[in-house]
Amino acid sequence: METDEQWDAVVPDESVMRPEVEALCGRLGLAGAPLVRFTEGTQPVYAVGDEHVLKLFPGSAARDGIAEGRVLSHLQGRLPVATPRVRESGPYENGWRYVLMSRLPGESLAGAWGRIPRAGRERLVARIGEALAELHSLDPGPLEDVLGPGDWGAFLDRRRAAAVDQQRAHGLAEAWLEQIPEFLDSVPLPRAPRRSLLHTEVMRQHFLVDPDGRRLTGLFDFEPAMIGDRAYDFVGVGLFVTRGDPELLARLAGAYGRTFPPAELLAYTLLHVYSNLPWYLRELPVPAEGTLSSLAEAWFGTGTA
């Protein structure tokens, strides 16, 4: 299976996937372990008993499998929140790759969020800020052979050229579309920033918490990791962790050690590889002014200097 189309046809079919996963588990010394498939995520991911997680990558995404294994190995024990430990990784059949990793304890922060009191939320976002600061402080040099982009300025140029068409394909209204070029022109982004290791999808869905929701027990899904400007990681923070709450964003940024201009973060939102502005407009508060500048303040303003 070398194309996305072929992979998309097979992935949902457990009558095809499960026998292959069982065979691979047998090769890995885990024959007979209970398999439970996770319902979320781009790639097929299975819990293998209580201690392991097996993630599969098609031939067309084999490089992502190599990258995730390398990033997780690089991070092991170096963040204030646990990350999966790589047990084994490598090629399988038909161009597949796999990463067998430890299973982290806890439940999704996204699922637990609604029952966590305000003080608990403030404590958790501070811990996320601390974890991001540590992630961004690590030397990404050992990963440069598997993570891109090599030239951040060229990456921004490519994303800029595709920005309007990407949002139009998602169904963004013309009143917003026509603002994008001028808004991006108005925001200076660094073309050669300090190079940092980026998660790129810092979301509640990728953090785990203990049963009481009092502490973080894990951070996972480094498949789309990149090396680039650390502000790029704050797109996910503002959209999917603090979700337009300025006090929570200020608390997280305080623990991280700095803030970023709201316009800069909205520019990166528009340039993000997975950007989908119509979705964000449905999920987050939208100011009455209906301008990208007001949107930047609404989603990424912290109320601090």
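**Reading strand pairs and salt bridges**

Tutor: Start with two strands. Strand E8 (residues 207-209) pairs with E6 through two bridges, in the antiparallel sense. Keep in mind that this is a predicted model.

Student: How do strands of a sheet pair in general, and in which senses?

Tutor: They pair through backbone hydrogen bonds, and the sense is either parallel or antiparallel. Here, one bridge partner of the E6–E8 pair is easy to find: Ser108 is matched with Leu208 in E8.

Student: What is the strand order in the open sheet of three strands?

Tutor: The order is E6-E8-E9, and the pairing is antiparallel. The edges are strand E6 (107-108) and strand E9 (216-219). Each edge strand pairs on one side only.

Student: Now the charges. When can side chains of opposite charge pair?

Tutor: They can pair when their charged atoms come close. The cut-off used here is within 4 Å, from a Lys or Arg side-chain nitrogen to an Asp or Glu carboxyl oxygen. By that rule, the model has 17 salt bridges.

Student: Which salt bridge joins Arg118 to a residue in helix H5?

Tutor: Arg118 pairs with Glu122, at 3.4 Å from N to O. Both residues sit in helix H5 (residues 118-137). They are four residues apart, about one turn of the helix.

Student: What does Arg118 reach in helix H10?

Tutor: Glu247. The closest N and O atoms of Arg118 and Glu247 are 3.2 Å apart. This pair links distant parts of the chain, with Arg118 in helix H5 and Glu247 in helix H10 (residues 246-256). The separation is 129 residues.

Student: Are Arg118 and Glu247 buried or exposed?

Tutor: Arg118 has 34% relative accessibility, so it counts as partly exposed. Glu247 is exposed, because its relative accessible area is 57% and the cut-off for exposed is over 50%.

Student: Which residues are linked with Arg118 in a network of salt bridges?

Tutor: The network links Arg118, Glu122, Asp245, Glu247 and Arg251.

Student: Where does the salt bridge between Glu283 and Arg243 lie in the chain?

Tutor: First the contact: the side chains of Glu283 and Arg243 meet at 3.3 Å, N to O. Glu283 is in helix H12 (residues 277-283), while Arg243 is in the loop between helix H9 (234-241) and H10. The two are 40 residues apart, and the pair links distant parts of the chain.

Student: How accessible are Glu283 and Arg243?

Tutor: Glu283 has 42% relative accessibility, so it counts as partly exposed. Arg243 is also partly exposed, at 26%.

Notes
Residues numbered from 1 in each chain as written. Predicted model: local features only at pLDDT ≥ 70, side-chain atom pairs only at ≥ 80, totals over all residues. Heavy atoms only, no water. Buried < 20%, exposed > 50% of the residue type's maximum accessible area, 1.4 Å probe, protein only. Pairing = 2+ DSSP bridges.
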